[in-house]
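Let's walk through this one together, starting with how the copies relate and then working through the sheets to the core. Keep the viewer open and turn the model as you read.

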Number of protein chains: 2
Amino acid sequence: MGFTATSVTSLGATPPLVSFNVARGSSSWPSLEKAEYVALHTLGLNNLELANRMAADHTKRFEPADWSLDARGIPVLHGVTSVLILKIRQIVEVESNAVVICDVVEGFVGTEQSPLLYHQRSYVTVDKLA
Amino acid sequence: MGFTATSVTSLGATPPLVSFNVARGSSSWPSLEKAEYVALHTLGLNNLELANRMAADHTKRFEPADWSLDARGIPVLHGVTSVLILKIRQIVEVESNAVVICDVVEGFVGTEQSPLLYHQRSYVTVDKLA
């Protein structure tokens, strides 16, 4: 399963930790709750079509050519800007949501591109200040 | 006290919740750990000077003209894009860091501006895709 997490944030560098938030009513929650590892992908401008697909119907998010299994058997998407392999350390349930706290166990840098951001219901990229 | 939080994320809408991450070694931690309320400000392009000050020497972050006290006695900065008054609900300590989970108790919308983002060690704004 895969989903678009707009809430991923660093939680520390030594050891490397990240957290993200998710609704426990989401279609991904039953899988996530039982998972040991998660592959976190950051997307660039070239990944706009993938980004749109990952945010749409959850039964149509993965195309066979998009991904392959890594050494741990975790599906990793191709052509993204980076991949972090996360091991879930702790899940904090808050109302109908959860904060998922993870150790970063491995990282891969992919193709360098402008970042893909989501702002006011559409995808944008960054613009340097004068 | 004030600090720049790049990690603020929504944790749910009903009830409205946000979380942010902070290093427990930071200069703000002793105050934050004891606080009941926090004022969360989002900054726009017009707030660049304030943003730079808030990320620098922690003894020089507040100028008298920058802020006033709200009805709860919480310092609120002027001229920002929005302010959320947060009540700290739970603090989850993880290694030398913490996830701070808050209820949103009140919100104010300020002046509309392009958002101020931090990317590759400098401030940027958004650029619409063609």
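To compare the copies, they are superposed by least squares on the C-alpha atoms of residues with pLDDT of at least 70 in both. A quick word on ground rules: this is a predicted model, where local features need pLDDT of at least 70, side-chain atom pairs count only at pLDDT 80 or more, and totals for chains, interfaces and linings use all residues. Residues are numbered from 1 along each chain as its sequence is written, while chains are lettered from A and ligands numbered from 1 in the order in which they are written.

So how do the chains relate? Chain B lands on chain A after a rotation of 180° with 0.0 Å of shift along the axis, at an RMSD of 0.0 Å. That is the relation of a two-fold axis. If you want to find the axis on screen, look for B:Val126: of the residues of chain B, its C-alpha comes closest, at 2.3 Å.

Now for the contact itself, where two residues count as touching if their C-beta atoms, placed from the backbone, lie within 7 Å. Chain A and chain B put in 28 residues each. On the chain B side, strands 1 (9–13), 2 (16–23), 6 (82–94), 7 (97–109), 8 (117–119) and 9 (122–128) each supply at least two residues; helices (H or I, at least four residues) and strands (E, at least two) are DSSP runs, numbered from the N terminus. Strand 9 of chain B gives the most, with six residues. And 100% of the interface residues of chain B are also interface residues in chain A, so the copies meet through the same surface.

Strand 9 deserves a second look. Strand 9 of chain A runs antiparallel to strand 9 of chain B, joined by five bridges; strands are said to pair if DSSP finds at least two bridges between them. One of the links is A:Asp127 with its bridge partner B:Thr125. The result is an open, antiparallel sheet of four strands in the order 8(A)-9(A)-9(B)-8(B). Strand 8 of chain A and strand 8 of chain B stand at its edges, each with a single partner strand, so one side of each is left without a neighbour in the sheet. Within chain B, strand 8 and strand 9 pair over three bridges, and B:His119 stands opposite B:Ser122.

Chain A also has an open sheet of five strands, ordered 1-2-7-6-3 with antiparallel pairing. Strand 1 and strand 3 (37–42) are at the edges with a single partner strand each, so one side of each has no neighbour in the sheet. Strand 1 and strand 2 of chain A form a hairpin with two residues between them, and four bridges join them. Further in, strand 6 and strand 7 of chain A pair over twelve bridges, with A:Val83 matched to A:Phe108.

Finally, the core. Nonpolar side chains tend to be buried together in soluble globular proteins. Here the largest nonpolar core has 44 residues, and those with the most contacts inside it are A:Val99, A:Ile101, B:Val99 and B:Ile101. (A nonpolar core is a set of buried Ala, Val, Leu, Ile, Met, Phe, Trp, Tyr and Cys residues joined through C-beta atoms within 7 Å; buried means that 20 or more other C-beta atoms lie within 10 Å of a residue's own.) Among the residues that A:Ile101 touches are A:Leu11, A:Leu17, B:Val94 and B:Val99.

Key:
A residue is buried if 20 or more other C-beta atoms lie within 10 Å of its own, exposed if 12 or fewer, and partly exposed in between; C-beta atoms are placed from the backbone. Lists of a residue's contacts leave out its neighbours within four places in sequence.
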